[in-house]
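Trainee: Could we go through this structure together, one question at a time, with the reasoning spelled out?

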Amino acid sequence: MKNDRRTFIKLAGIAAAGIAVAPKAMASSGQSPVKVNANAVHAKHWAMVIDTTKLHTEEKIAKLAEVCHAIHNVPNVEGNKEVKWLWSDAYAHTFPEQENPHLSEEVHQRTFPLLCNHCENPPCVRVCPTKATYQRPDGIVAMDYHRCIGCRYCMAGCPYGSRSFNWGEPRKNLDLEKLNPEFPTRMRGVVEKCNFCVERLAIGKQPACVEASEGAIVFGDLRDPDSEVRQVLRERFTIRRKPTAGTEPSVYYII
Amino acid sequence: MLELALKGSKRYWMWISFLIVLIGIGALAYVNQLMVGLETTGMSRDISWGFYISQLTYLVGLAASGVMIVLPNYFHGYKANKHMVIFGEFMAIAACIMCLLFVVVDIGQPSRMMNMFLHPTPNSVLFWDALVINGYLFLNLFVGWTCLTADRAHLSHPKWLKPFIYISIIWAFSIHTVTAFLYQGLPGRHYWLTAILAARFLASAFCAGPAILTLVMLVTERVTTFKMPKNALKTLVKIIAYAMCVNMFFFALEVFTAFYSNMPGHMHPLVYLFAGAHGHHELVGLMWTFIGLAAISITLLVTPKFRNNMKLLPWTLVLLVIATWIDKGLALLIGGFNPTPFGTITPYWPTGKELLVSMMIYAIGALIVTILFKIATEVKQEVGHSQKLPCGCSTEDGCNCAEAEEKTEEVLAEA
Ligand code: SF4
Ligand code: SF4
Ligand code: SF4
């Protein structure tokens, strides 16, 4: 009885809200009456600048990866079938064709954070046969995990090794007690990767790794000349991974 | 016409049952893969495609190769091939079905496979590949079946079929070109990023495909009354010889480009494959086996004495098939993924389960070939095409064995 009443009130509330919102939403966009979070942040093209003079040890990067993997329910798989959105590696593996034998020792010893580059010209989008990987107007290369057929063509296409496949059941390798209920888990047989924290941008927050980096990562609009990202890019020397691949990564590294 | 496949000797049924047992065993492995996911395979984050996709690549070549019999017949009026055409087409049907099955077993979410067609994505080569393989399958089924039905009724092949045949000839080239494009356009995969890849694919298809077909035909000759016309066989073997030479020539072009240019990205995969890198030597032995077998098979094929030796020929072809399989059915894929985008090496070997699933698909292919070839040879027997003469020639040969035998005896007597 009680339950029924509660359901009824809820439904009535939703219906009322719908009636209240619908005309406005329809008038403004002509699309579904979904309300956009008023705090959402927008950009013409999101980009990230990582200061590797500050963020250069395995421990520091591992901490960021932990945050990212925890909020996105990224399974923890051992061995070469691993799943990872943010991780670290040596200079030679990060910039394989930009190495020289007399590289500054200090740079050579740094550890570099790696993640999807959200390329402006992403081959992973080009090759995906189902549009499960797509590029949003704000430049973020996003994935629809429910559309993905698991053909792994995007993994062959990505020149940066940024994508992971769920070879087995991802929940087997997740601590179910510590799941983040606000972000879905994936099923086996689909590809996943860093999503530039679109779900956080949508409610006005910065990406989790940016927030946790204590200023070592800057995030913002690449098309806005006054953005912090552009300011840093103007002042500091930066490189991007594998420029010869022609993908135009949106992740820049201060060396 | 299907009823022709239902009557057969004990040997025929034993073979069929054997294949069904293999399919059953492989199916168990596949069910297991469906339950737990692709973690049953040896693939990894770095090597995201493995044995399945490389078999697809190899078999598309087999499908495309049927055209080497069809084309001389229709484009050049080379009539010696006339009664062989159907076997090329039927082989292509089996190969296409195997290709499609290899795509199915490779996919992480097979239940969503139709997404490829529900959300057609013209920018994805995989979409086009699925499209052209299906199209080629349809064309061959259609043309092959129609021709065989006409043969059986002692009618000439219908005229309206001609456009379909011509389309299928051009289509054959397209399926292998598109499959090459699957690999060819990916930045950062240097072993694949070469304009000559499609040409290499076609060259290797046109030697390996007819070689496999010839081997299957030699078995068919043993178990049925069908006999390949001598001239058709000779032409086919010459095609194989030329295509293999071109295939190895193209490969040499790759090696030259990589090493003369001294570009690290282009050299690394070849170095890994032929010499090993970063302490990994998994494929070195196989790669040199490939070079050795290729050299032997070319030598045997270009020397008329060896090429025309029917006892030696099957072995030559087997060597050639092994060589091309190592090159295209294994190393092409692994060399493309290694070195990885991080400049490291992640070795790949198929697991037992992966091999069982592949065995299932090959057995399905063999079953289809058996049934289709059974039907084709039965019809040929009914209408008396290319039947075996007591001397071992085909009725199509215009055989003059009796005279020839006399001559040899004379020569022998003199010597
Ligand atoms: S880094 Fe790889 S996965 Fe990310 S957008 Fe670029 S190509 Fe796609
Ligand atoms: S694995 Fe999924 S996201 Fe990647 S190409 Fe295939 S369908 Fe697209
Ligand atoms: S941007 Fe978000 S999803 Fe990407 S690595 Fe950082 S925290 Fe993870």
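Trainee: Which residues come nearest to ligand 2?
Mentor: This is a predicted model, and a residue counts as being around the ligand if one of its heavy atoms lies within 4 Å of it. Ligand 2 has 13 residues around it, and those that come nearest are A:C128, A:T133, A:C148, A:C151 and A:C154.

Trainee: How many residues of each class make up the shell around ligand 2?
Mentor: Cys counts as nonpolar in this classification, whereas Thr falls among the polar residues. Sorted in this way, the shell around ligand 2 holds one charged, three polar and nine nonpolar residues.

Trainee: What percentage of the residues of chain A count as buried?
Mentor: The secondary structure of chain A comprises nine helices and ten strands. A residue is taken as buried when its relative accessible area is under 20%. Among the 255 residues of chain A, the share that meets this cut-off is 49%.

Trainee: Which residues of chain A lose the most area to chain B?
Mentor: The contact draws on 50 residues from chain A and 45 residues from chain B, and the area buried between the two chains is about 3600 Å², with carbon and sulfur atoms giving 51% of it. On the side of chain A, 19% of what is buried comes together from the residues that lose the most, namely A:I149, A:Y153 and A:W167.

Trainee: Which residue of chain B forms a salt bridge with A:R152?
Mentor: Between chain A and chain B the count is two salt bridges. In the one that involves A:R152, the closest N and O atoms are 2.6 Å apart, and the partner is B:D106.

Methods: Residues are numbered from 1 along each chain as its sequence is written. Chains are lettered from A and ligands numbered from 1 in the order in which they are written. This is a predicted model: local features need pLDDT of at least 70, side-chain atom pairs count only at pLDDT 80 or more; totals for chains, interfaces and linings use all residues. Side-chain values use heavy atoms; hydrogens and water are left out. Helices (H or I, at least four residues) and strands (E, at least two) are DSSP runs, numbered from the N terminus. Buried means under 20% relative accessible area, exposed over 50%, partly exposed in between (1.4 Å probe, protein chains only). Contact means heavy atoms within 4.5 Å. Buried area is the accessible area (1.4 Å probe) that two parts lose on being put together, summed over both. A salt bridge is a side-chain nitrogen of Lys or Arg within 4 Å of a carboxyl oxygen of Asp or Glu.
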